[in-house]
Amino acid sequence: MKPKEIKTKSELLKVLKPIPFRNKEHKLTVICSLIGHSKISTGCFGYRNCARCGGQLGASLGSIDPGKETAVIINHSKNCKDCKSNYKKCTWKDKIYVKNPFPKN
Ligand SMILES: [Zn+2]
Ligand SMILES: [Zn+2]
């Protein structure tokens with residue numbers, strides 16, 4: 001049976017509530033498996049990892065990283081226009097349990 005698609009934050013929280021998580025990492029992994037990895041990611045040379053669960057999203061060297069065009073990369077550059085405009089397109093699914101990639105100083 002395929003679980004129904006989670007469309008809102010409150011739906012997600014409702015699904016998460018009864019799950020006995022072993023630790024925070026476990027919880028974050030389950031969240032990504034339910035709503036997909038965040039567009040917000042870490043690393044920019046070589047590998048790119050989900051900023052939420054740490055799972056590998058793609059490697060820019062040699063292999064395909066289909067999400068790269070729409071990704072926000074933490075610490076990429078303070079003035080990176082691509083990251084900033086991509087961040088504007090991020091939804092709650094990308095932002096939940098992910099730290100703000102552009103913290104205000
Ligand atoms: Zn993830
Ligand atoms: Zn960037």
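**Contacts, core and helix α2 in a predicted model**

In this predicted model, 37% of the contacts between residues at least 6 apart in the sequence of the protein chain join residues at least 24 apart.

Q: In what order do the elements of the protein chain run from the N terminus on?
A: The protein chain has four helices and four strands. Two helices come at the start of the order, and the strands follow before the remaining helices. Written out from the N terminus, the order is α-α-β-β-β-β-α-α.

Q: Is A51 buried or exposed?
A: A51 is found in the loop between β2 (47–50) and β3 (56–59). A residue counts as buried if 20 or more other C-beta atoms lie within 10 Å of its own. A51 has 25 such atoms within 10 Å, so A51 is buried.

Q: Which residues is A51 in contact with, leaving aside its neighbours within four places in sequence?
A: Residues separated along the chain can still lie at a short listed distance, and A51 gives an example with I73: the two are 22 residues apart in sequence and 8.6 Å apart in space, C-alpha to C-alpha. With neighbours within four places left aside, the contacts of A51 are S38, I40, S41, T42, I74, V98 and K99.

Q: Which element supplies the largest share of the largest nonpolar core?
A: In soluble globular proteins, nonpolar side chains tend to be buried together. The largest nonpolar core here has 13 residues, and I40, C50, A51, V72 and I73 touch the most other members. At least two residues of this core come from each of α2 (24–35) and β4 (72–73). The largest share, three residues, comes from α2.

Q: How far apart are the end C-alpha atoms of α2?
A: The helix α2 has twelve residues, and at 1.5 Å a residue they should span 16 Å. The distance in the model agrees with this, as the end C-alpha atoms are 17 Å apart.

Q: Within what arc do the buried residues of α2 fall?
A: An α-helix has 3.6 residues a turn, so residues three or four places apart point the same way. The buried residues of α2 are L28, I31 and I35. Seen down the axis of α2, they line one face of the helix, because they fall within an arc of 60°.

Q: Which helices do the buried residues of α2 pack against?
A: The face of α2 turned away from its buried side carries the exposed residues E25 and S33. On the buried side, the packing partners are α1 (9–16) and α4 (92–95).

Q: What is the phi of N75?
A: Most residues other than glycine have a negative phi. N75, in the loop between β4 and α3 (81–89), is not a glycine, yet its phi is positive. N75 is exposed, with 11 other C-beta atoms within 10 Å. Its phi is about 65°.

Q: How many C-beta neighbours does Y97 have inside 10 Å?
A: Y97 is found in the segment after α4. Y97 is not a glycine but has a positive phi of about 60°. Y97 counts as partly exposed, and its number of C-beta neighbours inside 10 Å is 14.

Q: What distance separates the C-alpha atoms of C90 and V72?
A: C90 lies in the loop between α3 and α4. Leaving aside neighbours within four places in sequence, C90 is in contact with K39, I40, V72 and K95. C90 and V72 are 18 residues apart along the chain, and their C-alpha atoms are separated by 8.7 Å.

Technical notes
Residues numbered from 1 in each chain as written. Chains lettered and ligands numbered in written order. Predicted model: local features only at pLDDT ≥ 70, side-chain atom pairs only at ≥ 80, totals over all residues. Buried ≥ 20, exposed ≤ 12 C-beta atoms within 10 Å, placed from the backbone. Contact = placed C-beta atoms within 7 Å. Core = buried A, V, L, I, M, F, W, Y, C linked by C-beta atoms within 7 Å. Expected span 1.5 Å × (residues − 1). Arc of directions from axis to C-beta.
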